[in-house]
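This briefing is meant for a reader who is meeting the structure for the first time. Please keep the sequence and the 3D view open while going through the points below.

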Amino acid sequence: MAKIYPETLKNSSSSSSSSSCYVTSTRETFTIWMKSLVYHGNGCTVFNSKGDIVFRVDNYQERNSNEVFLMDLSGQVLFSIKKERLRLLGRWSGYLSGGFKGKPWFQVRRNWKYSKGDVICDVNLGCDKSIGSCYKIQQIDKRSSFQISNNTGQLVAKVNQKQSSRGFGYGDDVLTLEVEPQVDYSFIVALVTICGLIKHKL
């Protein structure tokens, strides 16, 4: 497979793990590689536009686990994600930091009946169903492309198969994520992780 980035990855320890670093005033572009950097592990690795690793999901158990953890490069858990049992249509709960105690910070409910352009999942923050879905995840094509919009219909993020400068793809397991300004991109990566679980990519 071609190199994801043309130059060797640099040490990204200078990146801050402060939550304020996850919201910017400009559009951010990331590369998501649906592979774990841990030998014999399952998960994914997220690079920023400079080629630095910023997030990782490592699952040391079986593929398509019911529990995964989104971490920064240092291993600090940002979101703990758990698939709720006994939910026929599929529901995932996201908790801030490590563990699954207390009230989930967000929940993702899967829509089983969808086609191109339809909603794959509805996302609620604080699990308050009375205010309706805060975000919607919509399929764009039959492959890996989808988009995330807020409750007013405004696009906040988009995922496509990564293309080289010459127009060829790197493979179904290498994606480009574009996140709009003033959006917490760590939260968006958590939603993309759930989409990966739904599609059995990690």
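**Strand E10, its partners and the largest cavity**

Strands E10 and E11 form a hairpin in which 4 residues lie between them, and Gly153 in the turn has a positive phi of about 90°. The model is a predicted one, and the points below take up the strands and then the cavities.

**Strand E10 and its neighbours**

- Strand E10, which spans residues 146-150, is mostly covered, since 4 of its 5 residues are buried.
- On one pairing, strand E9 (residues 135-139) runs antiparallel to E10 and is joined to E10 by 5 bridges, with Ile148 in E10 serving as the bridge partner of Ile137.
- On another pairing, E10 and strand E11 (residues 155-161) also run antiparallel and are joined by 4 bridges, and here Gln147 stands opposite Lys158 in E11.

**Cavities**

- The count comes to 2 cavities of 30 Å³ or more, and the largest cavity has a volume of about 70 Å³.
- The residues that line the largest cavity are Met34, Ser144, Phe146, Asp172, Leu175, Val192, Cys195, Gly196, Lys199 and Lys201; one of them, Phe146, belongs to strand E10, which covers residues 146-150.
- Sorted by class, this lining of the largest cavity holds 5 nonpolar, 2 polar and 3 charged residues.
- Helix H1, made up of residues 185-198, gives the most to the lining of the largest cavity, contributing 3 residues.

Note on methods:
Residues are numbered from 1 along each chain as its sequence is written. This is a predicted model: local features need pLDDT of at least 70, side-chain atom pairs count only at pLDDT 80 or more; totals for chains, interfaces and linings use all residues. Side-chain values use heavy atoms; hydrogens and water are left out. Buried means under 20% relative accessible area, exposed over 50%, partly exposed in between (1.4 Å probe, protein chains only). Helices (H or I, at least four residues) and strands (E, at least two) are DSSP runs, numbered from the N terminus. Two strands pair if DSSP finds at least two bridges between them. On a 1 Å grid over the protein atoms alone, a cavity is a set of points where a 1.4 Å probe fits but cannot get out, and a pocket is an open set with protein on both sides within 12 Å along at least five of seven lines; lining residues have an atom within 4 Å of a point. Grid points are joined across faces, edges and corners, and a volume is the space filled by probe spheres set on the points. Ala, Val, Leu, Ile, Met, Phe, Trp, Tyr, Cys and Pro count as nonpolar, Asp, Glu, Lys and Arg as charged, and the others, Gly among them, as polar.
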